[in-house]
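Trainee: Could you walk me through how to read a structure like this one? I'd like to begin with the ligand site.

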Amino acid sequence: MESFFISIGEEKFRAEQLFNFIHKNRGAKIQNITVFSKVLRDKLENMAAINETKIYKRFDSKLDNTKKYLFLLEDNNIIEGVIMEYTHGLTVCISTQVGCRMGCSFCASTKEGLVRNLNPAEMANQIYNIEEDLNCKINNIVLMGSGEPLDNYDNVIKFLKIIHHEKGKNISYRNITLSTCGIVPKIYALADEGIPINLSISLHSPFNHIRERIMPIGKKYLVEEIIKACKYYYNKTNRRITMEYTVIKGINDREKDLEELIKILKDLNCYINLIPLNPIKEYDKERPSISNIEKFQQELKKSGINATIRREMGSDVNASCGQLRRRYTNGKDSKTIQ
Ligand code: SAH
């Protein structure tokens with residue numbers, strides 16, 4: 001922004017004023033930037049734009065305080081985000097892409113492929129729109145909505161640096177979690193960025209031959225390569241890794257899955273988050289009974305691996321990955337939505 005202002009013959013400090021204004025006001029229209037003269041605002045209006053993402057619909061869970069949002073982007077695409085209330089504060093789950101090209105068989109976000117990447121402003125606006133709407137302060141951000149964040153690497157890094165910036169939202173990297181299906185070279189790159197966020201890996205099976213059946217990315221990067229990258233990430237950032245494990249009856253909840261899981265994770269500083277499968281119509285598998293998931297959890301704990309079961313939030317508002325957006329796009333290009 002500084003070089004932008006210099007390039008248009010303005011003082012460098014205008015950049016900090018603008019950055020500060022946008023983040024303090026959770027977005028802005030150029031004409032509302034009152035720290036600038038009318039002359040400068042008019043000049044800017046002719047050459048620049050501030051991205052505007054609007055709330056399209058909000059769904060309030062009756063079961064807990066979860067609220068699910070559909071956002072309308074400037075090009076009429078629709079994305080979704082969620083706000084959840086935990087004892088440690090408010091967490092927002094944001095999308096990083098419109099759609100997704102990873103093709104995981106159980107995930108609704110990917111069923112129509114990737115439409116496009118989100119830019120950093122569209123990621124930040126999901127947070128700011130929710131804060132404005134509820135007049136609240138968000139404490140934690142998780143990149144676990146639609147899309148694969150490491151498939152939109154440069155924009156995601158830019159967003160993380162902006163949202164962390166002390167003149168911006170000033171959110172600590174410790175309060176940010178990125179979830180990935182395991183794009184190994186990008187895990188190494190992220191480890192070397194100097195931004196120690198929490199890393200979550202969608203593991204879902206310790207066996208390559210099973211993992212690649214439910215997650216096509218498993219054909220490209222093997223479980224052992226992911227574990228090695230996680231160790232590197234942990235050594236570089238000192239942040240503990242989370243392994244996400246969507247439990248699917250008969251696919252990854254067997255005795256041998258448990259044994260192999262314990263074997264491959266034993267010398268990685270991580271914990272496992274067991275996610276009961278959220279059934280979608282395109283995937284005809286079920287979740288195991290809660291008592292079986294609890295048994296799985298106990299066995300992991302006995303072997304020294306910390307395991308939790310993800311509490312379901314907002315299940316009455318289709319709060320799981322991509323389901324809500326799909327209800328609105330209904331398999332059609334979202335641009336057809338009025
Ligand atoms: N692309 C990223 C983030 C998106 S989804 C990733 O793969 O990690 C966040 C988590 O929800 C992932 O672990 C994903 O595998 C899981 N998930 C997606 N659809 C699900 C479903 N129907 N039931 C349970 N978990 C699901």
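Mentor: Sure. To sort a shell by class, count Ala, Val, Leu, Ile, Met, Phe, Trp, Tyr, Cys and Pro as nonpolar, Asp, Glu, Lys and Arg as charged, and the others, Gly among them, as polar. Keep in mind that this is a predicted model.

Trainee: By class, what does the shell around the ligand have?

Mentor: Seven nonpolar, eight polar and two charged residues. Of the 17 residues around the ligand, the ones that come nearest are Phe106, Ser179, Ser202, His204 and Asn278. As for strands, S8 (176-180) and S10 (241-247) each supply at least two residues of that shell.

Trainee: Which side chains have an N or O atom facing a ligand atom at short range, say 2.6 Å or 3.0 Å?

Mentor: Ser202 has a side-chain N or O atom 2.6 Å from a ligand oxygen. For Glu148, the side-chain N or O atom is 3.0 Å from a ligand nitrogen. There's a backbone case too: a polar backbone atom of Cys181 sits 3.5 Å from an oxygen of the ligand. The protein buries 93% of the 540 Å² that the ligand exposes when taken alone.

Trainee: Now S10. Is Thr242, in that strand, buried or exposed?

Mentor: The cut-off for buried is under 20% relative accessible area. Thr242 is at 12%, so Thr242 counts as buried. Beyond its neighbours within four places in sequence, Thr242 is in contact with Leu199, Ser200, Ile201, Tyr271 and Asn273.

Trainee: And helices? How do I read H4?

Mentor: One general idea helps: an α-helix has 3.6 residues a turn, so residues three or four places apart point the same way. Here, H4 (residues 120-134) has 15 residues and reaches 22 Å from first C-alpha to last, close to the 21 Å expected. H4 is mostly covered, with 11 of its 15 residues buried, including Met123, Ile127, Tyr128 and Glu131.

Trainee: What caps the N-terminal end of H4?

Mentor: Asn119 does, with a side-chain oxygen 3.1 Å from the backbone nitrogen of Ala121. After H4 comes Asn135, whose phi is positive, near 50°.

Trainee: Which residues outside its sequence neighbourhood is Gly168 in contact with?

Mentor: Leaving aside neighbours within four places, they are Phe19, His23, Tyr128 and Ile162. Tyr128 is one of the buried residues in H4. Gly168 itself lies in the loop between helix H5 (153-164) and S8. Gly168 is buried because its relative accessible area is 12%, under the 20% cut-off.

Technical notes: Residues numbered from 1 in each chain as written. Predicted model: local features only at pLDDT ≥ 70, side-chain atom pairs only at ≥ 80, totals over all residues. Heavy atoms only, no water. Near = heavy atom within 4 Å. Polar contact = N/O pair within 3.5 Å; in protein donor to acceptor, adjacent residues only side chain to side chain. Areas by Shrake-Rupley, 256 points an atom, 1.4 Å probe, with all protein chains shown as cover. Helix = DSSP H or I, 4+ residues; strand = E, 2+ residues; numbered from the N terminus. Expected span 1.5 Å × (residues − 1). Buried < 20%, exposed > 50% of the residue type's maximum accessible area, 1.4 Å probe, protein only. Contact = heavy atoms within 4.5 Å.
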